[in-house]
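Ready for a bit of practice? Have a look at the model below, then work through the exercises one step at a time.

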Amino acid sequence: MVYGCLYCGLSYQETLSSLNFADSKTLKEEKREELFEILKSDDSIGWAVDVLDPRELSAKMLKKNKINLNEISHNSAIGLVNRVLNMGVLLTEVYVDTVGDAEKYRIKLSELFPAVKFVVAKKADSLYPVVSGASIVAKVIRDRALRSWAFDETSENMHRNFGSGYPGDPETKAWLDHHKHSVFGFPSLVRFSWGTCTPYFNKIVEVLWESDKVDEDGSSNGRGKRQLKLSNVGISGYKRKTEEIESSGKGRCKFFQSRKLELLAHF
């Protein structure tokens, strides 16, 4: 996921409007690339991006203390504002495409940056040329990242016909269906917390893994072994009541049993 920002002088806003920027989703890839090159060559315009790896997003959204996508988006926008300010740019007005409640988001930003006037609106990328330009920057960087993505996986039948990446795109759906795995889910390119993935996770193999039962004081005596379903610790992305299967040590790997190895809590 890529978040982008674009900045220019207040006196340049009229010129910016004449560049015919539009919401990046309404433009073809060739047109976005053309407009991006215009942005890069214009010394009156600056831009920056925050690129978030899908594995980072999955880790944040599926961990025990979850961070939702709205908060991640807010943090990214705040980080971009800070980055531009640290460049020495004097920001007086900032236009933001809202995520969540627009007014609450505006108040949050204003409290963090009291010297800046914030305008937060739905579909801001189709209302304000500076936001339209930022959306083009983000989309172009995202598309280029996908084209050059180096897969960690080595399966021979993988391909790059991702489609647009939007849930309703038949090509994106076909790619997900082709690359699903009954144990590992999807390649690391896919954000596992993406709601579109949920139906696929309903059909994956149920995996049991061993865990030592830790006492309330934090120690482990090695006697109360248990197994946990992998799908119950957040990997699946959908809610399921946690089920613990007590195995009394019988499910413990023979490697550990034969060597009488136990979990070391204090040393």
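## Exercise 1: the two sides of a helix

What covers the buried residues of α5? Work that out, then find which residues are buried and which are exposed.

**Solution.** Keep in mind that this is a predicted model.

- Step 1: Start with the cover: α4 (69-86), β3 (93-97) and β4 (117-121) are among the elements that lie over the buried residues of α5.
- Step 2: Now pick out what they cover. Helix α5 spans residues 102-112, and its buried residues include Tyr105, Leu109 and Ser110.
- Step 3: Look down the axis of α5: the buried residues fall within an arc of 130°, so they line one face of the helix.
- Step 4: Here's the general rule behind that: an α-helix has 3.6 residues a turn, so residues three or four places apart point the same way.
- Step 5: Flip to the face turned away from the buried side, and you'll meet the exposed residues Lys104 and Glu111.

## Exercise 2: the end of the helix

Find which residue caps the N-terminal end of α5.

**Solution.** Go to the N-terminal end of α5, and you'll find Asp101 as the cap. One of its side-chain oxygens lies 3.1 Å from the backbone nitrogen of Glu103.

## Exercise 3: positive phi

Where is Asn20, and is it buried or exposed? Do the same for Lys123.

**Solution.**

- Step 1: Asn20 isn't a glycine, yet its phi is positive, near 60°. Asn20 sits in the loop between α1 (13-17) and α2 (29-41). Its relative accessible area is 59%, so Asn20 is exposed.
- Step 2: Lys123 isn't a glycine either, and its phi is about 55°. Lys123 belongs to the loop between β4 and α6 (129-147). With a relative accessible area of 62%, Lys123 is exposed.

Methods. Residues numbered from 1 in each chain as written. Predicted model: local features only at pLDDT ≥ 70, side-chain atom pairs only at ≥ 80, totals over all residues. Heavy atoms only, no water. Buried < 20%, exposed > 50% of the residue type's maximum accessible area, 1.4 Å probe, protein only. Helix = DSSP H or I, 4+ residues; strand = E, 2+ residues; numbered from the N terminus. Arc of directions from axis to C-beta. Contact = heavy atoms within 4.5 Å. Polar contact = N/O pair within 3.5 Å; in protein donor to acceptor, adjacent residues only side chain to side chain.
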